[in-house]
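Open the model in your viewer and keep the selection panel at hand. This tour takes you from one selection to the next and tells you what to look for at each stop.

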Amino acid sequence: MKTLAFSIALLTGAAHAALEPGDTAPEFRATAALAGKTVDVQLKDTLAKGPVVVYFYPAAFTAGCNLQAHAFAENLPRFTAAGVTVIGVSGDAIERLREFSADPETCAGRLAVASDADGRIAKAFDIALTETPAGRKTTKGQDIRHARAERTSFVVGRDGRIVATLGGLAPEANVDAALAAVQALAPPPLRTGAIPGVVAAGTPVVMLGDGFKGTEGPLALPDGSFVFTETQDARITRIAPDGRLSTHLRDTNGANGLGLTAAGEIVAVQVNDTRVGTLGAKAATLASGWSGKAFGRPNDLVVARDGSVYFTDSGRNANQPTLAGEVAPPAVYRVRPGLLERLAVDITRPNGIQLSPDERTLYVANTAGEHVLAYEVHADGSLGPRRDFAKLAGWRIDAPNGPSSGADGLAVDAQGRLYVASSAGIEVFDAAGQALGVIALPKPPQNLAFAGPDKKQLFIVGRGAAWRIDTLAQGYAGRAK
(Lines give C-alpha, C1' and ligand atoms only; values in the text may rest on other atoms or scores of the structure.)
Protein backbone atom coordinates (compact mmCIF):
# COMPACT_ATOMS: atom_id res chain seq x y z
CA MET A 1 0.00 0.00 0.00
CA LYS A 2 2.88 2.37 0.73
CA THR A 3 4.24 1.91 -2.82
CA LEU A 4 0.85 2.66 -4.33
CA ALA A 5 0.40 5.76 -2.18
CA PHE A 6 3.88 7.01 -3.04
CA SER A 7 3.06 6.68 -6.74
CA ILE A 8 -0.09 8.75 -6.21
CA ALA A 9 1.96 11.47 -4.58
CA LEU A 10 4.41 11.62 -7.48
CA LEU A 11 1.73 11.60 -10.16
CA THR A 12 -0.20 14.44 -8.56
CA GLY A 13 2.82 16.69 -8.33
CA ALA A 14 2.92 17.09 -4.58
CA ALA A 15 5.05 19.92 -3.27
CA HIS A 16 8.64 18.69 -2.93
CA ALA A 17 9.05 20.15 0.57
CA ALA A 18 5.97 18.50 2.07
CA LEU A 19 6.18 15.33 4.14
CA GLU A 20 6.07 12.23 1.99
CA PRO A 21 4.41 8.79 2.17
CA GLY A 22 6.07 6.71 4.87
CA ASP A 23 6.84 9.72 7.07
CA THR A 24 5.19 9.94 10.48
CA ALA A 25 2.52 12.61 10.57
CA PRO A 26 3.28 15.22 13.24
CA GLU A 27 0.84 15.22 16.15
CA PHE A 28 -1.22 18.39 16.51
CA ARG A 29 -4.10 19.76 18.53
CA ALA A 30 -6.04 22.80 17.39
CA THR A 31 -9.17 24.86 17.86
CA ALA A 32 -11.55 24.15 15.01
CA ALA A 33 -15.06 24.95 13.80
CA LEU A 34 -17.84 22.54 12.87
CA ALA A 35 -21.33 23.62 11.84
CA GLY A 36 -20.70 27.09 13.26
CA LYS A 37 -19.51 25.88 16.66
CA THR A 38 -16.03 25.84 18.18
CA VAL A 39 -14.58 22.36 18.77
CA ASP A 40 -11.18 20.89 19.53
CA VAL A 41 -9.47 18.50 17.13
CA GLN A 42 -6.48 16.30 17.89
CA LEU A 43 -4.86 14.07 15.32
CA LYS A 44 -4.05 11.29 17.78
CA ASP A 45 -7.64 11.02 19.00
CA THR A 46 -9.02 11.13 15.48
CA LEU A 47 -6.65 8.41 14.26
CA ALA A 48 -8.01 6.13 16.98
CA LYS A 49 -11.21 6.01 14.89
CA GLY A 50 -9.48 5.33 11.55
CA PRO A 51 -7.44 7.04 8.81
CA VAL A 52 -7.53 10.84 8.51
CA VAL A 53 -7.27 13.26 5.60
CA VAL A 54 -5.57 16.48 6.72
CA TYR A 55 -5.98 19.07 4.00
CA PHE A 56 -4.26 22.46 3.99
CA TYR A 57 -5.79 25.30 1.99
CA PRO A 58 -4.82 28.98 1.54
CA ALA A 59 -7.81 30.90 2.97
CA ALA A 60 -11.49 30.51 3.78
CA PHE A 61 -13.96 32.26 1.49
CA THR A 62 -11.68 32.41 -1.52
CA ALA A 63 -12.77 30.97 -4.84
CA GLY A 64 -10.65 27.83 -4.96
CA CYS A 65 -10.97 27.08 -1.25
CA ASN A 66 -14.75 27.45 -1.43
CA LEU A 67 -14.83 24.86 -4.23
CA GLN A 68 -12.56 22.49 -2.35
CA ALA A 69 -14.48 22.74 0.93
CA HIS A 70 -17.78 22.22 -0.88
CA ALA A 71 -16.45 19.16 -2.71
CA PHE A 72 -15.16 17.65 0.55
CA ALA A 73 -18.44 18.42 2.33
CA GLU A 74 -20.71 17.07 -0.41
CA ASN A 75 -18.68 13.86 -0.69
CA LEU A 76 -17.87 13.47 3.00
CA PRO A 77 -20.16 10.39 3.25
CA ARG A 78 -17.90 8.65 0.72
CA PHE A 79 -14.91 9.28 2.99
CA THR A 80 -16.94 8.17 6.01
CA ALA A 81 -17.87 4.96 4.18
CA ALA A 82 -14.14 4.21 3.97
CA GLY A 83 -13.77 4.87 7.71
CA VAL A 84 -11.97 8.17 7.14
CA THR A 85 -12.24 11.55 8.91
CA VAL A 86 -11.46 14.79 7.06
CA ILE A 87 -9.94 17.84 8.80
CA GLY A 88 -9.25 21.11 7.00
CA VAL A 89 -6.44 23.43 8.17
CA SER A 90 -5.79 27.08 7.29
CA GLY A 91 -4.37 30.24 8.83
CA ASP A 92 -7.82 31.78 9.27
CA ALA A 93 -8.95 32.93 12.71
CA ILE A 94 -11.56 30.77 14.41
CA GLU A 95 -14.23 33.48 14.09
CA ARG A 96 -14.06 33.32 10.29
CA LEU A 97 -13.89 29.53 10.33
CA ARG A 98 -17.10 29.30 12.33
CA GLU A 99 -18.84 31.12 9.50
CA PHE A 100 -17.00 29.06 6.86
CA SER A 101 -17.89 25.77 8.57
CA ALA A 102 -21.62 26.53 8.54
CA ASP A 103 -21.98 28.10 5.09
CA PRO A 104 -24.05 25.79 2.82
CA GLU A 105 -21.87 26.70 -0.17
CA THR A 106 -18.62 25.70 1.55
CA CYS A 107 -18.39 23.27 4.50
CA ALA A 108 -22.19 23.02 4.80
CA GLY A 109 -22.07 22.11 8.48
CA ARG A 110 -20.39 18.79 7.68
CA LEU A 111 -16.68 19.55 7.70
CA ALA A 112 -14.37 20.44 10.60
CA VAL A 113 -11.84 23.17 9.78
CA ALA A 114 -8.97 23.99 12.17
CA SER A 115 -7.31 27.34 12.80
CA ASP A 116 -3.53 27.41 12.28
CA ALA A 117 -3.10 31.15 12.79
CA ASP A 118 0.59 30.91 13.70
CA GLY A 119 1.36 28.37 10.94
CA ARG A 120 2.82 25.80 13.34
CA ILE A 121 0.79 22.87 11.94
CA ALA A 122 1.67 23.74 8.34
CA LYS A 123 5.35 24.04 9.25
CA ALA A 124 5.28 20.66 11.02
CA PHE A 125 4.02 19.09 7.77
CA ASP A 126 6.69 21.01 5.81
CA ILE A 127 4.01 23.00 3.96
CA ALA A 128 5.16 26.18 2.24
CA LEU A 129 3.66 29.40 3.62
CA THR A 130 3.48 32.65 1.68
CA GLU A 131 2.54 36.09 2.87
CA THR A 132 -0.75 37.45 1.53
CA PRO A 133 -0.29 40.60 -0.59
CA ALA A 134 -1.81 43.71 0.97
CA GLY A 135 -5.38 44.43 0.01
CA ARG A 136 -6.42 40.85 -0.74
CA LYS A 137 -10.00 40.10 0.29
CA THR A 138 -12.29 37.12 0.58
CA THR A 139 -15.35 36.52 -1.59
CA LYS A 140 -17.31 38.20 1.22
CA GLY A 141 -15.15 41.31 1.16
CA GLN A 142 -13.13 40.45 4.30
CA ASP A 143 -9.44 41.30 4.55
CA ILE A 144 -6.99 38.36 4.38
CA ARG A 145 -4.08 39.08 6.69
CA HIS A 146 -2.70 35.62 7.51
CA ALA A 147 -0.05 33.63 5.66
CA ARG A 148 -1.43 31.20 3.07
CA ALA A 149 -0.57 27.51 3.11
CA GLU A 150 0.10 25.72 -0.14
CA ARG A 151 -2.91 23.57 -1.10
CA THR A 152 -1.83 20.08 -0.05
CA SER A 153 -3.69 17.08 1.36
CA PHE A 154 -2.23 14.24 3.41
CA VAL A 155 -3.84 10.84 3.87
CA VAL A 156 -2.68 9.56 7.25
CA GLY A 157 -3.06 5.86 8.02
CA ARG A 158 -4.32 4.61 11.34
CA ASP A 159 -0.71 3.87 12.35
CA GLY A 160 0.09 7.59 12.07
CA ARG A 161 2.17 7.27 8.91
CA ILE A 162 1.44 9.28 5.79
CA VAL A 163 -0.04 7.15 3.01
CA ALA A 164 -0.40 9.80 0.30
CA THR A 165 0.74 13.40 -0.22
CA LEU A 166 -1.43 15.27 -2.73
CA GLY A 167 -0.45 18.68 -4.03
CA GLY A 168 -0.20 20.62 -7.28
CA LEU A 169 -3.84 19.93 -8.10
CA ALA A 170 -6.93 22.02 -8.75
CA PRO A 171 -9.22 22.23 -5.71
CA GLU A 172 -11.80 19.64 -6.77
CA ALA A 173 -9.18 17.36 -8.30
CA ASN A 174 -7.40 17.37 -4.94
CA VAL A 175 -10.59 16.01 -3.34
CA ASP A 176 -10.91 13.31 -6.02
CA ALA A 177 -7.31 12.23 -5.48
CA ALA A 178 -7.78 12.06 -1.71
CA LEU A 179 -10.90 9.95 -2.16
CA ALA A 180 -9.09 7.54 -4.51
CA ALA A 181 -6.29 7.17 -1.97
CA VAL A 182 -8.60 6.42 0.96
CA GLN A 183 -10.75 4.02 -1.05
CA ALA A 184 -7.61 2.01 -1.76
CA LEU A 185 -7.31 1.54 2.02
CA ALA A 186 -10.93 0.43 2.53
CA PRO A 187 -11.70 -3.21 3.35
CA PRO A 188 -13.19 -5.39 0.57
CA PRO A 189 -16.98 -5.08 0.14
CA LEU A 190 -19.56 -7.55 1.33
CA ARG A 191 -20.68 -9.90 -1.47
CA THR A 192 -24.08 -11.38 -2.17
CA GLY A 193 -25.24 -14.95 -2.36
CA ALA A 194 -27.05 -16.09 -5.49
CA ILE A 195 -30.75 -15.51 -6.09
CA PRO A 196 -31.59 -16.96 -9.53
CA GLY A 197 -32.64 -14.28 -11.99
CA VAL A 198 -32.08 -11.55 -9.40
CA VAL A 199 -28.41 -11.37 -8.41
CA ALA A 200 -25.32 -13.50 -9.13
CA ALA A 201 -23.28 -15.06 -6.35
CA GLY A 202 -20.33 -12.92 -5.27
CA THR A 203 -21.73 -9.60 -6.52
CA PRO A 204 -20.19 -6.79 -4.44
CA VAL A 205 -22.42 -4.65 -2.23
CA VAL A 206 -20.82 -1.31 -3.03
CA MET A 207 -21.08 1.27 -0.25
CA LEU A 208 -21.69 4.68 -1.80
CA GLY A 209 -21.62 6.70 1.40
CA ASP A 210 -22.21 6.66 5.14
CA GLY A 211 -23.05 9.24 7.77
CA PHE A 212 -26.01 10.80 5.94
CA LYS A 213 -28.65 12.56 8.07
CA GLY A 214 -31.36 9.98 7.65
CA THR A 215 -31.81 7.98 4.45
CA GLU A 216 -35.12 7.46 2.65
CA GLY A 217 -37.03 8.05 -0.57
CA PRO A 218 -34.74 6.52 -3.26
CA LEU A 219 -35.72 7.49 -6.79
CA ALA A 220 -34.26 7.13 -10.29
CA LEU A 221 -34.09 10.32 -12.36
CA PRO A 222 -34.33 10.42 -16.18
CA ASP A 223 -30.67 11.49 -16.57
CA GLY A 224 -29.47 8.18 -15.10
CA SER A 225 -28.69 9.60 -11.67
CA PHE A 226 -30.28 8.59 -8.39
CA VAL A 227 -31.62 10.71 -5.55
CA PHE A 228 -32.67 10.01 -1.98
CA THR A 229 -33.78 12.05 1.00
CA GLU A 230 -31.81 13.04 4.05
CA THR A 231 -34.98 13.58 6.05
CA GLN A 232 -33.32 14.92 9.20
CA ASP A 233 -31.37 17.49 7.15
CA ALA A 234 -34.33 18.50 4.92
CA ARG A 235 -32.18 17.70 1.90
CA ILE A 236 -32.36 15.56 -1.24
CA THR A 237 -28.97 14.12 -2.20
CA ARG A 238 -28.01 13.09 -5.74
CA ILE A 239 -25.65 10.28 -6.70
CA ALA A 240 -24.26 10.74 -10.22
CA PRO A 241 -23.51 7.73 -12.43
CA ASP A 242 -19.82 8.09 -11.47
CA GLY A 243 -20.69 7.98 -7.74
CA ARG A 244 -20.11 11.68 -7.02
CA LEU A 245 -22.46 13.15 -4.43
CA SER A 246 -24.18 16.51 -4.61
CA THR A 247 -27.12 18.32 -3.06
CA HIS A 248 -30.08 18.07 -5.43
CA LEU A 249 -32.50 20.14 -3.35
CA ARG A 250 -32.48 21.91 0.03
CA ASP A 251 -35.27 22.98 2.37
CA THR A 252 -37.48 19.98 1.60
CA ASN A 253 -39.72 20.23 4.68
CA GLY A 254 -38.38 16.86 5.83
CA ALA A 255 -39.17 15.01 2.60
CA ASN A 256 -39.25 11.25 3.12
CA GLY A 257 -40.60 9.07 0.27
CA LEU A 258 -40.26 10.43 -3.28
CA GLY A 259 -41.93 9.96 -6.64
CA LEU A 260 -41.83 11.62 -10.05
CA THR A 261 -44.79 13.12 -11.89
CA ALA A 262 -45.30 12.84 -15.65
CA ALA A 263 -44.07 16.43 -15.90
CA GLY A 264 -40.80 15.48 -14.19
CA GLU A 265 -41.58 17.15 -10.86
CA ILE A 266 -40.54 15.50 -7.62
CA VAL A 267 -43.49 14.75 -5.35
CA ALA A 268 -42.77 13.92 -1.71
CA VAL A 269 -44.38 12.95 1.55
CA GLN A 270 -43.08 15.51 4.06
CA VAL A 271 -42.75 15.00 7.82
CA ASN A 272 -41.94 18.44 9.28
CA ASP A 273 -45.10 20.35 8.40
CA THR A 274 -46.86 17.09 7.52
CA ARG A 275 -48.13 17.07 3.96
CA VAL A 276 -47.86 15.53 0.49
CA GLY A 277 -46.88 17.70 -2.44
CA THR A 278 -44.42 18.68 -5.13
CA LEU A 279 -41.05 20.24 -4.34
CA GLY A 280 -38.82 22.76 -6.05
CA ALA A 281 -39.70 25.85 -8.05
CA LYS A 282 -43.32 24.74 -8.52
CA ALA A 283 -43.86 23.48 -4.97
CA ALA A 284 -47.51 22.78 -4.26
CA THR A 285 -49.46 20.97 -1.56
CA LEU A 286 -51.65 18.07 -2.66
CA ALA A 287 -52.92 17.11 0.81
CA SER A 288 -52.11 18.04 4.41
CA GLY A 289 -54.61 16.09 6.50
CA TRP A 290 -57.84 14.14 6.70
CA SER A 291 -61.18 15.22 8.11
CA GLY A 292 -59.73 18.31 9.73
CA LYS A 293 -56.81 16.47 11.35
CA ALA A 294 -53.17 16.77 10.29
CA PHE A 295 -51.36 13.71 8.99
CA GLY A 296 -49.23 12.02 11.67
CA ARG A 297 -46.17 11.06 9.61
CA PRO A 298 -46.59 10.63 5.84
CA ASN A 299 -44.08 7.90 5.06
CA ASP A 300 -43.85 6.66 1.47
CA LEU A 301 -45.57 6.98 -1.88
CA VAL A 302 -45.85 5.63 -5.39
CA VAL A 303 -47.08 7.58 -8.44
CA ALA A 304 -49.38 5.59 -10.72
CA ARG A 305 -49.33 5.96 -14.48
CA ASP A 306 -52.51 8.07 -14.39
CA GLY A 307 -50.82 10.53 -12.01
CA SER A 308 -52.58 9.34 -8.87
CA VAL A 309 -50.34 9.35 -5.79
CA TYR A 310 -50.83 6.44 -3.39
CA PHE A 311 -49.20 7.16 -0.03
CA THR A 312 -49.02 5.91 3.54
CA ASP A 313 -49.34 7.77 6.82
CA SER A 314 -47.69 5.79 9.62
CA GLY A 315 -49.06 7.90 12.46
CA ARG A 316 -47.40 10.27 14.86
CA ASN A 317 -43.82 9.51 15.96
CA ALA A 318 -42.66 10.14 19.53
CA ASN A 319 -39.99 12.52 18.15
CA GLN A 320 -42.50 14.86 16.46
CA PRO A 321 -43.15 17.44 19.22
CA THR A 322 -44.22 20.06 16.68
CA LEU A 323 -47.45 18.19 16.01
CA ALA A 324 -50.04 19.54 18.45
CA GLY A 325 -53.42 17.99 19.11
CA GLU A 326 -55.05 14.95 17.58
CA VAL A 327 -53.76 13.66 14.25
CA ALA A 328 -55.31 11.41 11.64
CA PRO A 329 -54.91 7.68 12.35
CA PRO A 330 -52.53 5.53 10.28
CA ALA A 331 -53.95 4.92 6.81
CA VAL A 332 -53.34 4.45 3.11
CA TYR A 333 -54.51 7.28 0.83
CA ARG A 334 -54.80 8.18 -2.82
CA VAL A 335 -54.61 11.80 -3.90
CA ARG A 336 -55.43 13.37 -7.26
CA PRO A 337 -55.87 17.06 -8.09
CA GLY A 338 -58.77 18.21 -5.93
CA LEU A 339 -59.53 14.79 -4.45
CA LEU A 340 -58.10 12.92 -1.44
CA GLU A 341 -59.40 9.40 -0.73
CA ARG A 342 -58.71 7.29 2.34
CA LEU A 343 -58.40 3.74 1.05
CA ALA A 344 -57.38 1.58 4.02
CA VAL A 345 -57.32 2.01 7.79
CA ASP A 346 -56.73 -1.63 8.74
CA ILE A 347 -52.91 -1.51 9.06
CA THR A 348 -51.12 -0.96 12.37
CA ARG A 349 -48.12 0.85 10.89
CA PRO A 350 -48.31 1.31 7.09
CA ASN A 351 -44.89 2.12 5.70
CA GLY A 352 -43.50 1.32 2.23
CA ILE A 353 -45.97 1.26 -0.66
CA GLN A 354 -45.67 -0.01 -4.23
CA LEU A 355 -47.77 -0.97 -7.26
CA SER A 356 -47.29 -4.11 -9.32
CA PRO A 357 -46.11 -3.48 -12.90
CA ASP A 358 -49.67 -3.87 -14.23
CA GLU A 359 -50.94 -1.63 -11.38
CA ARG A 360 -53.63 -4.15 -10.47
CA THR A 361 -52.10 -4.85 -7.06
CA LEU A 362 -51.07 -2.41 -4.34
CA TYR A 363 -48.47 -3.67 -1.87
CA VAL A 364 -48.07 -2.13 1.59
CA ALA A 365 -45.35 -2.87 4.14
CA ASN A 366 -46.77 -3.16 7.67
CA THR A 367 -43.75 -2.59 9.91
CA ALA A 368 -45.61 -3.96 12.92
CA GLY A 369 -46.78 -7.11 11.11
CA GLU A 370 -45.42 -10.44 9.92
CA HIS A 371 -46.54 -10.06 6.30
CA VAL A 372 -46.34 -7.69 3.37
CA LEU A 373 -49.95 -6.87 2.56
CA ALA A 374 -51.64 -6.73 -0.84
CA TYR A 375 -54.85 -5.19 -2.16
CA GLU A 376 -56.50 -5.58 -5.53
CA VAL A 377 -56.77 -2.20 -7.28
CA HIS A 378 -60.15 -1.76 -8.93
CA ALA A 379 -60.67 0.14 -12.18
CA ASP A 380 -61.70 3.28 -10.29
CA GLY A 381 -58.56 3.14 -8.07
CA SER A 382 -60.33 1.86 -4.98
CA LEU A 383 -59.01 -1.21 -3.16
CA GLY A 384 -60.34 -4.69 -2.61
CA PRO A 385 -59.99 -6.61 0.67
CA ARG A 386 -56.63 -6.85 2.39
CA ARG A 387 -54.68 -10.09 2.10
CA ASP A 388 -51.36 -11.38 3.41
CA PHE A 389 -49.03 -11.49 0.41
CA ALA A 390 -45.65 -12.66 1.74
CA LYS A 391 -44.30 -13.80 5.10
CA LEU A 392 -41.23 -11.83 6.17
CA ALA A 393 -38.01 -13.38 7.47
CA GLY A 394 -37.36 -10.15 9.36
CA TRP A 395 -40.30 -10.69 11.73
CA ARG A 396 -39.32 -10.64 15.38
CA ILE A 397 -41.81 -10.96 18.21
CA ASP A 398 -39.15 -9.75 20.68
CA ALA A 399 -37.92 -6.72 18.72
CA PRO A 400 -36.70 -3.82 20.95
CA ASN A 401 -39.73 -1.60 20.27
CA GLY A 402 -42.31 -4.35 20.16
CA PRO A 403 -43.15 -7.01 17.54
CA SER A 404 -41.77 -5.88 14.17
CA SER A 405 -40.51 -7.10 10.83
CA GLY A 406 -38.76 -3.82 10.11
CA ALA A 407 -40.64 -3.87 6.78
CA ASP A 408 -40.06 -0.53 5.10
CA GLY A 409 -39.46 0.39 1.44
CA LEU A 410 -40.67 -1.70 -1.50
CA ALA A 411 -39.57 -2.05 -5.14
CA VAL A 412 -40.66 -4.18 -8.11
CA ASP A 413 -38.76 -5.47 -11.12
CA ALA A 414 -39.92 -6.03 -14.69
CA GLN A 415 -40.88 -9.63 -13.88
CA GLY A 416 -43.18 -8.54 -11.06
CA ARG A 417 -40.89 -9.68 -8.25
CA LEU A 418 -41.25 -7.69 -5.03
CA TYR A 419 -38.22 -6.46 -3.06
CA VAL A 420 -38.74 -5.61 0.62
CA ALA A 421 -36.36 -3.74 2.93
CA SER A 422 -36.72 -5.50 6.31
CA SER A 423 -34.75 -6.30 9.44
CA ALA A 424 -33.34 -9.34 7.60
CA GLY A 425 -31.98 -7.36 4.62
CA ILE A 426 -33.55 -7.18 1.17
CA GLU A 427 -36.16 -9.92 0.96
CA VAL A 428 -37.15 -10.95 -2.58
CA PHE A 429 -40.48 -12.58 -3.49
CA ASP A 430 -41.96 -13.74 -6.77
CA ALA A 431 -45.28 -12.39 -8.06
CA ALA A 432 -47.13 -15.09 -6.11
CA GLY A 433 -45.49 -14.14 -2.81
CA GLN A 434 -43.04 -17.06 -2.66
CA ALA A 435 -39.72 -16.22 -0.99
CA LEU A 436 -36.73 -16.33 -3.38
CA GLY A 437 -33.94 -15.25 -1.04
CA VAL A 438 -32.49 -12.49 1.10
CA ILE A 439 -29.66 -10.06 0.26
CA ALA A 440 -27.70 -9.37 3.46
CA LEU A 441 -26.40 -5.86 4.16
CA PRO A 442 -24.00 -4.32 6.73
CA LYS A 443 -26.91 -2.38 8.30
CA PRO A 444 -30.69 -2.87 8.25
CA PRO A 445 -32.04 -1.19 5.09
CA GLN A 446 -34.88 1.32 4.97
CA ASN A 447 -35.74 1.79 1.31
CA LEU A 448 -34.64 0.82 -2.18
CA ALA A 449 -35.17 1.47 -5.89
CA PHE A 450 -33.87 0.30 -9.24
CA ALA A 451 -31.86 2.87 -11.19
CA GLY A 452 -28.75 3.17 -13.34
CA PRO A 453 -28.20 1.91 -16.90
CA ASP A 454 -31.29 -0.06 -18.02
CA LYS A 455 -32.44 -0.06 -14.37
CA LYS A 456 -30.17 -3.01 -13.65
CA GLN A 457 -28.73 -1.63 -10.44
CA LEU A 458 -30.47 -1.82 -7.07
CA PHE A 459 -29.83 1.22 -4.88
CA ILE A 460 -30.49 0.77 -1.17
CA VAL A 461 -30.48 3.27 1.68
CA GLY A 462 -30.69 2.79 5.43
CA ARG A 463 -29.41 3.97 8.79
CA GLY A 464 -27.40 6.81 7.26
CA ALA A 465 -25.80 4.67 4.52
CA ALA A 466 -26.31 4.05 0.80
CA TRP A 467 -25.31 0.99 -1.27
CA ARG A 468 -25.46 -0.21 -4.88
CA ILE A 469 -25.76 -3.77 -6.19
CA ASP A 470 -25.54 -4.76 -9.86
CA THR A 471 -28.44 -7.10 -10.62
CA LEU A 472 -29.47 -9.69 -13.16
CA ALA A 473 -33.04 -8.44 -12.76
CA GLN A 474 -34.21 -5.26 -14.42
CA GLY A 475 -36.35 -2.77 -12.57
CA TYR A 476 -39.78 -1.99 -13.93
CA ALA A 477 -39.37 0.74 -16.56
CA GLY A 478 -42.99 1.95 -16.68
CA ARG A 479 -42.56 4.25 -13.66
CA ALA A 480 -39.68 6.14 -12.07
CA LYS A 481 -40.08 3.81 -9.06
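Begin by selecting Phe226 and the residues around it: leaving aside those up to four places away in sequence, Phe226 touches Pro218, Leu219, Ala220, Thr237, Arg238, Ile239, Ala449, Ala451 and Phe459. Keep in mind as you look that this is a predicted model, in which the mean pLDDT of the chain is 93 and 95% of the residues reach 70 or more.

Is Phe226 buried or exposed? Its relative accessibility is 1%, and because buried means under 20% relative accessible area, Phe226 counts as buried. Now add Gly243 to the selection, which is 17 residues from Phe226 along the chain, and draw a distance between the two C-alpha atoms, which are separated by 9.6 Å.

Next, widen the view to strand S12, residues 226–230, in which Phe226 lies. Strand S12 belongs to an open sheet of four strands, arranged in the order S11-S12-S13-S14 with antiparallel pairing. If you colour strand S11 (216–220) and strand S14 (245–250), you will have marked the edge strands, each of which pairs on one side only, and as you step across this sheet the twist averages 25 degrees from one strand to the next. Within the sheet, select S12 together with strand S13 (residues 235–239), since these two pair in the antiparallel sense over five bridges; one place to look is Phe228, whose bridge partner in S13 is Thr237.

Move on to another open sheet of four strands, which has the order S25-S26-S27-S28 and, again, antiparallel pairing. Here the edge strands, each pairing on one side only, are strand S25 (350–355) and strand S28 (383–391), and the twist averages 25 degrees from one strand to the next. Select strand S27 (residues 371–377) along with S28 to see an antiparallel pairing over six bridges, and then pick out Leu373, which has Asp388 in S28 as its bridge partner.

For a hairpin, go to strand S31 (residues 425–429) and strand S32 (residues 435–439), which pair in the antiparallel sense over four bridges. Phe429 stands opposite Ala435 in S32, and of the five residues between the strands of this hairpin, you may wish to select Gly433, which takes a positive phi near 90 degrees.

Now turn to a helix by selecting H7, residues 171–183. How far apart are its end C-alpha atoms? They are 19 Å apart, which agrees with the 18 Å that its 13 residues should span at 1.5 Å a residue. Then highlight the buried residues of H7, which are Pro171, Asn174, Val175, Ala177, Ala178, Leu179, Ala181 and Val182.

The next stop concerns cysteines. The structure holds zero disulfides, and Cys65 is accordingly in none, with the nearest cysteine sulfur, that of Cys107, 10 Å away. Cys107 is likewise in no disulfide, its nearest cysteine sulfur being that of Cys65. Cys65 is buried, with a relative accessible area of 2%, and Cys107 also counts as buried, at 0% relative accessibility.

Finish at the start of the chain by selecting residues 1–16, where pLDDT stays under 50. For this stretch the model has 29 contacts beyond four places in sequence.

Definitions and conventions: Residues numbered from 1 in each chain as written. Predicted model: local features only at pLDDT ≥ 70, side-chain atom pairs only at ≥ 80, totals over all residues. Heavy atoms only, no water. pLDDT = per-residue confidence, 0-100. Contact = heavy atoms within 4.5 Å. Disulfide = S-S within 2.5 Å. Buried < 20%, exposed > 50% of the residue type's maximum accessible area, 1.4 Å probe, protein only. Pairing = 2+ DSSP bridges. Axes fitted to C-alpha atoms, helices over the stretch in contact; angles between N-to-C directions. Expected span 1.5 Å × (residues − 1).
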